[in-house]
Amino acid sequence: MSETKNPVFGNKPSNDSNCAYWEEWVSGFPILTLSPLVEKPNQSRFVILYGDSTEKNQRHRIKILGEDIVRSGHIVHCPEYRSNLDPSHISEFGLYDRLQDGRNAISWALRRKQSEEALVLVGISMGGYLSVRLADEFGDRIQTLILLAPTAYPNGVCRSCVKFGAGNEFQKIIRRKIGPVWFSWILNKINPPWANSFIFERAKEVKADVLLISYSHDKIVPRGVIKKYLRAFSLRPTGRFKFINLPGFDHSGTVSNKTKRFYVVNQILDFINN
């Protein structure tokens, strides 16, 4: 796995008022790292996987969330998906590729963490779906899993042949169309495409402590998805689990909405510190 320093940042971290930050390239994508200027005891190492965005350089937006976490003395890694390095090529990538990027980012972070550091995986929206799969895969090497309005997808969507982009296979699978529009609408209401997703079985196998946060006004992630995650995590024989439904917020703005970000970060820090 190739790893190189970003020439913009060089080998020496750049500093701002809150933290040091730098980038390294891993397996074809950059990882932005934020670190406190002064090391603190009980330090954790975070990896943040963002959601379904086609915008370029999302890691620089996620950095805002990372800075709030770093102020409490933790290290934060913000990987960029290869699909978002040049959004004009988004149709060349799919959920499978983002899963690969997340896997490589976590492996990279695990090689860098100190033995006493806990690894905390944060998944936002689509990144939540990926994080559940990766938390199951990495087992007890991930100590804490934080899910912010995680999505769920039908089985078969995370294959190398299924790509993003308008009118492609990814959209066809998640928006299942059978017969007339009215028939598809009724069918998807009665039996949503995500209802039998194996992700909920994967959730039952996660060994990490889990914090699940949903938003009361979320119009993107169906309430049924959150309920199925809630049940799955509650059935685990090991690991702490806490569920919080934040009132007054919708799906967007986890990073850009300062008030929402304040509540989310406080809940995350409270969970990992107790």
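The legends below go with several close-up views of this predicted model.

**View 1. Strand β4, covered on both faces.**
Let's start with β4, which spans residues 29-36. Eight of the eight residues in β4 are buried, leaving the strand mostly covered. If you look along one side, you will find F29, I31, T33 and S35. The other side carries P30, L32, L34 and P36, and the residues of both faces are all buried.

**View 2. The hairpin of β3 and β4.**
Here β4 appears with strand β3, residues 19-26. The pairing between β3 and β4 is antiparallel and runs over eight bridges. To find your place in the ladder, look for A20, whose bridge partner in β4 is S35. S35 also belongs to the buried side of β4 that includes F29. Two residues lie between the strands of this hairpin, and S27 adopts a positive phi near 50° there.

**View 3. β4 with strand β6.**
β4 also pairs with β6, which covers residues 75-79. These two strands run antiparallel and are joined by four bridges. A handy landmark is L34, which stands opposite V76 in β6. L34 is itself one of the buried residues of β4, on the side that also holds P30, L32 and P36.

**View 4. Helices α1 and α8 where they cross.**
This view pairs α1, residues 59-70, with α8, residues 258-273. Their axes come within 10 Å and cross at roughly 45°. Angles from 65 to 115 degrees would count as roughly perpendicular and those under 35 degrees as roughly parallel, so α1 and α8 are oblique to each other. The crossing of α1 past α8 is right-handed. On the α1 side, the contact is made by I64, L65, D68 and I69, while α8 contributes R261, V265 and L269.

**View 5. Two cysteines, C158 and C161.**
Are these two residues buried or exposed? C158 has 14% relative accessibility, and because buried means under 20%, C158 counts as buried. C161, at a relative accessible area of 52%, is exposed, since the cut-off for exposed is over 50%. As for disulfides, the count comes to zero.

**View 6. P237 in its loop.**
Our last stop is the loop between α7 (223-234) and β10 (241-246), where P237 is found. With a relative accessible area of 77%, P237 is exposed. Which spacing separates P237 from E205 in space? Their C-alpha atoms are 8.9 Å apart, and the two residues are 32 residues apart in sequence.

How values were computed. Residues are numbered from 1 along each chain as its sequence is written. This is a predicted model: local features need pLDDT of at least 70, side-chain atom pairs count only at pLDDT 80 or more; totals for chains, interfaces and linings use all residues. Side-chain values use heavy atoms; hydrogens and water are left out. Buried means under 20% relative accessible area, exposed over 50%, partly exposed in between (1.4 Å probe, protein chains only). Two strands pair if DSSP finds at least two bridges between them. A disulfide is a pair of cysteine sulfur atoms within 2.5 Å. Axes are lines fitted to C-alpha atoms, for helices over the stretch in contact, and angles run from 0 to 180 degrees between N-to-C directions. Angles under 35 degrees count as roughly parallel, over 145 as roughly antiparallel, 65 to 115 as roughly perpendicular and the rest as oblique. A crossing is left-handed if the near helix is turned anticlockwise from the far one by less than a right angle, and right-handed if clockwise. Contact means heavy atoms within 4.5 Å.
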